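Thank you all for coming; I would like to take a few minutes to walk through a structure that may be new to most of you. Please keep the sequence and the model in view while I talk.

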Amino acid sequence: MSTQSDRSGSPTDRARLAGWLDLAARGWHLFPVLPGRKQPAIPAWESRATTHPETIVDYFTAHPDHNAGIACGPSRLLVVDCDTPKPTDPDQSRDGAAVLAGLAAGRGGLPDTWTVATPSGGRHLYFRAPTDPGVRLGNTARTLGPMLDSRGHGGQVLAPGSRLPNGSYELLDDTDPPPLPGWLVWHLSVRPATANSAPSERPTTTPRDAGAYVSAVVRAELQRIAQAGRGGHNAAVFTAARALGQLVGAGVLDHRQAAADLTAAAGHIVDGPCDCTAGDIAATIASGLGYGARRPRRLPTLSSTRSHGEGRRSA
């Protein structure tokens, strides 16, 4: 297979290409972007983004002036975009990075991660997106706060080495991206209500009707946490909290009781040999409960069960 060392091009172009091949080797899907711009150079860029080295070499050798984009969804990345104040912004004293640091204060701060400086003076912070299939984070604009956007499924960022008229994207920290912190999962999952939104549909099941069903779900999810092994603690706690949050949203489980039960089930994690702290577990539980509560579970109704039973008895 041919490599970038076999092809012609300036040393700068070869260095950019080598960097992009390293990104592809990490499993980050690349696609071409128009020269000096942020717009994709191809249609259906997200589905066509690739990690195939020869495809990347062939394209960018033939088009050395093009930029490279990273498709965040296929790459399983969530990138937080920390911008700088615009001239029209009333507060010129803080940028997006400072706003994010303020949000992280009291939550243990932010872990070191892959960080890219943008030409405008901002920062792109890369995190591994949640792996739970029920958590699909897309793009947001100022959901976290002023001068803070995020890119996930359906979103892209320019790779280090890409160039705009006002400068280049430069790698500042090559630390492997850690998982997106639970409290950020929570904030980025929030969808603001609109004036025209219809009221959430609630199931017709009453708490008494659903008692056995709810008890079974709670027992299963607490067991999930109890059996979680090292390295899978955060995912197990979030998944269980999300499931119980759906019951809270359905009006058949008390929020405080759910949080207390989850915290008790996770006691072995905090007391165990891993690095999970009580604060980490509490944040993950809060995130999962909140996420699930916004998506109430549709429960089996007692009336439908009765109708089936009556039909059998009358046959």
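If we sort the residues lining the largest pocket by class, we find 17 nonpolar, 12 polar and 6 charged residues. I should say straight away that we are looking at a predicted model, and that what I describe is computed from it. That lining is made up of 35 residues, and those that lie nearest the centre of the pocket are Pro 179, Leu 180, Pro 181, Gly 182 and Asn 234. Helix 6 (182–189), helix 8 (233–249) and helix 11 (278–293) are the elements that each give two or more residues to this lining, and the volume of the largest pocket comes to about 980 Å³.

Let me stay with helix 8 for a moment, since Ala 243 lies there. Ala 243 has a relative accessible area of 6%, and because the cut-off for buried is under 20%, it counts as buried. Its partner in my next comparison is Leu 289, which is 46 residues away from Ala 243 in sequence, and yet the two C-alpha atoms are 7.6 Å apart in space.

Moving past that helix, we come to Ala 250, which sits in the loop between helix 8 and helix 9 (255–265). With a relative accessible area of 9%, Ala 250 is buried as well. Here again a long stretch of sequence is bridged in space: Ala 250 and Arg 295 are 45 residues apart along the chain, while their C-alpha atoms are separated by 8.4 Å. Arg 295 is also worth a look for its side chain, which lies over the face of Tyr 291, at 3.8 Å from the ring centre.

That brings me to the aromatic residues, and to a question you may have: how many aromatic pairs are there? The count comes to 7 aromatic pairs. One of them joins Trp 28 and Trp 114 in an edge-to-face arrangement, with 5.2 Å from centre to centre and 85 degrees between the planes. Trp 28 belongs to the loop between helix 1 (11–25) and strand 1, whereas Trp 114 belongs to the loop between helix 5 (96–104) and strand 4 (115–117), so this pair ties together parts of the chain that are 86 residues apart in sequence. Trp 28 and Trp 114 are both buried.

A second pair to point out is that of Phe 31 and Trp 45, which is tilted, with 4.8 Å between the centres and 35 degrees between the planes. Because Phe 31 lies in strand 1 and Trp 45 in helix 2, this pair ties together parts that are 14 residues apart in sequence. Phe 31 and Trp 45 are buried too. Elsewhere, ring pairs link Trp 20, Tyr 59 and Phe 60 into a cluster. Returning to Trp 28, we find Arg 26 lying over the face of that ring, at 5.6 Å from its centre.

Helix 1 gives us another contact of distant parts of the sequence to consider, through Asp 22, which has its place in that helix. Asp 22 is partly exposed, at a relative accessible area of 38%, and its C-alpha atom is separated by 9.7 Å from that of Thr 51, which is 29 residues away along the chain.

Now a word on the backbone. Most residues other than glycine have a negative phi, and for that reason I picked out two exceptions. Ala 44 has a positive phi of about 50 degrees although it is not a glycine, and it is found in the loop between strand 1 (29–33) and helix 2 (45–48). Its relative accessible area is 48%, so Ala 44 counts as partly exposed. The other is Arg 76, with a positive phi near 55 degrees, in the loop between helix 4 (72–75) and strand 3 (77–82). Arg 76 is exposed, at 64% relative accessibility.

Finally, the cysteines. Cys 72 has a relative accessibility of 0% and therefore counts as buried, and Cys 82, at 2%, is buried as well. How many disulfides does the structure hold? The number is 0.

Terms used
Residues numbered from 1 in each chain as written. Predicted model: local features only at pLDDT ≥ 70, side-chain atom pairs only at ≥ 80, totals over all residues. Heavy atoms only, no water. Disulfide = S-S within 2.5 Å. Buried < 20%, exposed > 50% of the residue type's maximum accessible area, 1.4 Å probe, protein only. Helix = DSSP H or I, 4+ residues; strand = E, 2+ residues; numbered from the N terminus. Phe/Tyr/Trp six-rings, centres within 6.5 Å; stacked < 30°, edge-to-face > 60°. Lys NZ or Arg CZ within 6 Å of the ring centre and 35° of its normal. 1 Å grid on protein atoms, 1.4 Å probe; cavity = no way out; pocket = protein on both sides within 12 Å on 5 of 7 lines; lining within 4 Å. Points joined across faces, edges and corners; volume = space filled by probe spheres on them. Nonpolar A, V, L, I, M, F, W, Y, C, P; charged D, E, K, R; others polar.
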